[in-house]
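Work through the exercises below with the sequence and the model at hand. Each task is followed by a solution in steps.

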Amino acid sequence: MNCARCLLRLQSVGFLAPSVRAAVQHAALLQPATALSQITAHNTCGQALRRFHGSPGCYKSQPVPTDPGEEHEDRIKKDKSLITHDDLFERVAREAKTKATFNRVVDVFSKRDIRRRGHVEFIYAALKKMPEFGVERDLTVYNKLLDVFPKEVFVPRNFIQRMFNHYPRQQECGVQLLEQMENYGIMPNVESKVLIVQIFGDKSHPMRKYQRIMYWFPKFKHANPFPVPLQLPEDPVDLARLSLNRIANDLDAKVTVYQMPCTDISESGEEITFPHVVGIQSPDQMELLAKHNPNRPVFVEGPFPLWLRKICVYYYILRADPLPPEEKVEESYDPERCFDYPLQLDLDLDRDMGDDDSFDVEDVDEGPVFAMCMTSQGDQATLNQWISGLQETNPTLGRVPTLFRLEAGPRELQGVADPGPGYREEGEEEAETDIVVEEEHQCSQGVKQ
Amino acid sequence: MNINRLIALSKSVQFGKILTSNARHATKEVTLPHRTIRTHARNLAYAKDLFLGKVNKAECFPYPEIGNEELEEINSFVAPVEKFFTEEVDSKRIDHEAKIPPETLNGLKELGLFGIQVPEEYGGLGLSNTMYARLGEIISLDGSIAVTLAAHQAIGLKGILIAGSEEQKAKYLPKLASGEHVAAFCLTEPGSGSDAASIQTKATLSEDRKTYLLNGSKIWISNGGFADLMTVFARTEVVGEDGVKKDKITAFIVERAFGGITSGKPEDKLGIRGSNTCEVSFDNCPVPVENVIGEVGGGFKVAMNILNSGRFSMGSAGSGMIKKLIEMTAEYAGSRKQFGKNLSEFGMIQEKFAVMAQNAFVMESMAYLTAGMMDRPGVPDCSLEAAMVKVFSSEGGWICVSEALQVLGGLGYTKNYPYERYLRDCRILLIFEGTNEILRMYIALTGMQYAGKILTGKIKEMKKGNVGVAFEMLGRKLGDALGRKVDLGLTGMDGVVHPGLADSAKKLEQNVAHFGSTVENLLYRYGKTIVEEQLILKRVADVLINLYAMTAVLSRSSRSISIGLRNHDHEVILYYTITILLIYNSPENQDENIKKIAREVLEKRTYVCSHPLDRTF
């Protein structure tokens, strides 16, 4: 409703201010002067953008560089334009890369020129710089960027304009902006919609993009049954708690902190850091462990990676091999088990094939997992601490041989972020190491026609 | 609400409509193979045969009746009990103080109500199941007293009565029957409801092999606070046939005087507050070996028999309560005026009375039919029927109490009227003596087991691809689809039903036949894994309960018409409305019948049907 009212007001404003429109038209007439630089800059930005299916007439109206001399000139201009905008950000960035400074750059650009000359390049540059300034997930910043577009100019005013691709580069830029929002999972709001309508009109490509986002995003918003919180805890113990609960997925499971991280100074004056050891075990797992045959060993295995948004943590498990078929004991049926009704029927009839849906490809016999833990230091000494802590609540564990099957583990994973193998010594890697993966924002199809 | 429930149930019973007649000989073909079974199943009870799609009409028709002398005898018992309950029992006080006053208990003892079923030679009343049910109608007017008495004699001393030795009976029954000693039944433990394997109480034999030492604790023991005698179930070590030592359950008679018994604080309950429920713990309580009920290690059977036999009386208890509610509520509805009209003139209020009358009628019919079956000579196994009576009447009772309360509106919700107490008290009916869920499992699985035993060979043949059997099945299915008439012998030449009710008896037959084929189909599909399909079993149990209720009502009203009981026309209307609700999903509009029932009930301000035990000659 609110949105509709905004739009209504907007239209009335449009009607009441023909002079503004005239001024904008005037600006549009002046456009060819800058158009050239815009296009070329855009082409060499390295962004492989898909174009809309525009009518040839549309392209015809755009100045196309024809002779080499002109092309050369373009390059200079292009460089210039690139430098101008990137430079603006670079200059500011020298002080501090924050939202405030980013906003200031946008303000500076908006105020510098009433015609907003070169705004497409500016927006592209700004979009590229957003992660650097840490504002890539900030809706207000996106709206501010949208606000850079001049209003009313690109709104088609007759059916021919509407039929053909009106101001395709501007529209593409708008779509690109929305696309980046989409990639970061930011849902536009009413303000964005009002801005888009103001800038491109209500049947434009950016508007379509906006509508598609608004169609799909709410549908997918709660699609993940195991959502990861947006803000992950900083404290490694809290993080371990969260991730262990996530793996265990059992509300009865209890997290135990076997050791808090701390630093101590030994007698020789050396600093010794004790890693944190956090484990989880559910009552079912305790029962399984109690039933475990003490002659068969249990294994401590790991580290296994677990990704939480951009953070990768590692966990270790205590498991045993699946029981060989000869050792499996079927629980025999005791007819005197239930006072009230027979627990089994004494019949020689089995389930009919048509109703037998017991086959399950996911039901693989893998052997029981008895407990899981997380630690910042995956060497045997540290993990031993965990095992001895477990022995307090699981007395059987004291009688079972425990084997450590630890792998080098995260090294190859580290390779993604850090060039060169052996970047870290084995066992020294920190479980809560932040591996920031460059989220590759491939320019997926901007608009599906 | 009830109608909804009934309709929901009736949907599950809704079977294909039978349109035309043909293939009479096919029917004969169907019934032929079963004949052999019927011969050696003389004392089989009715419900199990329904699983085979058969009506064992000898069991249910004609409706069981008692002789004139017995009727006089029971009436002579009933009158003073009724007087005592209306004049001397202050239910409100019992509920408020959470205690039955000693003078009331003494009154009950004087009336002999502590030994209703104890044989006369042991000082009891020695009444049959039917007469016990009749007394239950009155005793149920106060929930706390009913539960106290039931804990004492329906389960507490039942063990001695059915499995005890002569010496045990002679030693204990006289004092129990007089009420000098009160009995309790100790089975449930903190970790064990129906699960025998988790019973932790242990009985260890002393070195001189003369006493057992009991250790453990039992919870939710009715009368546990003051019982002098308890039937306790505990694990004992038994050497099996193969020489392996095994823990098995044994039943003991334990006197409080043996020592080592402590009772916990009485539980604060929602309803039946006057009854005493508490924890009982045994600490090295010495029990002489001669106090073992049955054999050592045979406690499981004893427990099962006690539990199974104690349930049937709940039907009459429920109907007694509803009849009382109808009287009280009708008085209010007849006097309260709104918009210049009595409440009793409003259709929606009338419907509530019809619902109550219908439920009371069905419960009564089922209870006395089952009691009558149990009283037959021989040892008929009526546990299935008893469980069905319990499930139906506990749920019906709950709905009726709530409807009665609704008639009074806000007044019913206050403590000025007894409705809220009835509501609280009757909620326990759905829970104790086996929750209704567990009983539904029992009902469905017992029947499935029985039918499965007989049908296994046939189903196996079919699965093997035996053409003959497959064709027979196919033919039957085809016959069903074409609307073959089912004749199970209720009507016609040697029919047992009054011709006036022949129409609906036919419907019942069709439903039974369809139920039989459904069971066969289920066994074909699931075999013994049907145990896992609880939702299917629930529907099977619901259908069976409806069929049994239907039979009971049919049998009773057929008798009433035939012998011309007072108000039998009212019974017939009740019967018709119930049929339509229970049996087939009929598009017929029942409004007129409902109004008629309600009008008669409200005119007389009482439940009008004559008692099923009444006789005309």
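**Exercise 1: backbone outliers in chain B**

Asn223(B) sits in the loop between β3 (211-222) and β4 (229-239) of chain B; helices (H or I, at least four residues) and strands (E, at least two) are DSSP runs, numbered from the N terminus. This is a predicted model, in which local features need pLDDT of at least 70 and side-chain atom pairs count only at pLDDT 80 or more, while totals for chains, interfaces and linings use all residues. Residues are numbered from 1 along each chain as its sequence is written, chains are lettered from A and ligands numbered from 1 in the order in which they are written, and side-chain values use heavy atoms, with hydrogens and water left out.

Task: state the sign of phi at Asn223(B) and at Asn284(B), and say whether Asn223(B) is buried or exposed.

Solution.
1. Most residues other than glycine have a negative phi.
2. Asn223(B), though not a glycine, has a positive phi of about 65 degrees.
3. The relative accessible area of Asn223(B) is 0%, so Asn223(B) is buried (buried means under 20% relative accessible area, exposed over 50%, partly exposed in between, with a 1.4 Å probe and protein chains only).
4. Asn284(B) belongs to strand β7 (residues 277-288) of chain B, and phi is again positive there, about 50 degrees, although Asn284(B) is not a glycine.
5. With 43% relative accessibility, Asn284(B) is partly exposed.

**Exercise 2: cis peptide bonds**

Task: find where Pro62(B) and Pro303(A) lie, and give omega for the bonds that precede them.

Solution.
1. Most peptide bonds are trans.
2. Phe61(B) and Pro62(B) are joined by a cis peptide bond with omega about -10 degrees.
3. The location of Pro62(B) is the loop between α4 (57-60) and α5 (68-87) of chain B.
4. In chain A, the bond from Gly302(A) to Pro303(A) is cis, with omega near -5 degrees.
5. Pro303(A) is part of strand β5 (residues 298-308) of chain A.

**Exercise 3: two helix pairs**

Task: classify the crossing of α7(A) with α9(A) and of α18(B) with α19(B), then list the residues in contact.

Solution.
1. Axes are lines fitted to C-alpha atoms, for helices over the stretch in contact, and angles run from 0 to 180 degrees between N-to-C directions.
2. Helix α7 (residues 139-146) and helix α9 (residues 168-183) of chain A have axes that come within 11 Å and cross at roughly 175 degrees.
3. That angle makes α7(A) roughly antiparallel to α9(A) (angles under 35 degrees count as roughly parallel, over 145 as roughly antiparallel, 65 to 115 as roughly perpendicular and the rest as oblique).
4. Leu139(A), Tyr142(A), Leu145(A) and Leu146(A) of α7(A) meet Leu177(A), Gln180(A) and Met181(A) of α9(A); contact means heavy atoms within 4.5 Å.
5. This contact of α7(A) with α9(A) has 6 nonpolar, 1 polar and no charged residues (Ala, Val, Leu, Ile, Met, Phe, Trp, Tyr, Cys and Pro count as nonpolar, Asp, Glu, Lys and Arg as charged, and the others, Gly among them, as polar).
6. In chain B, the axes of helix α18 (residues 436-464) and helix α19 (residues 467-482) come within 8 Å and cross at roughly 100 degrees.
7. α18(B) and α19(B) are therefore roughly perpendicular to each other.
8. Lys458(B), Glu461(B) and Met462(B) of α18(B) make the contact with Val469(B), Ala470(B), Glu472(B), Met473(B) and Arg476(B) of α19(B).
9. By class, 4 nonpolar, no polar and 4 charged residues take part in the contact of α18(B) with α19(B).

**Exercise 4: the surroundings of one alanine**

Task: say where Ala549(B) lies and which residues it touches.

Solution.
1. Ala549(B) is in helix α21 (residues 534-563) of chain B.
2. Ala549(B) is buried, at 0% relative accessibility.
3. Leaving out residues up to four places away in sequence, Ala549(B) touches Val362(B), Met366(B) and Leu582(B).
4. Ala549(B) and Lys57(B) are 492 residues apart along the chain, and their C-alpha atoms are separated by 14 Å.
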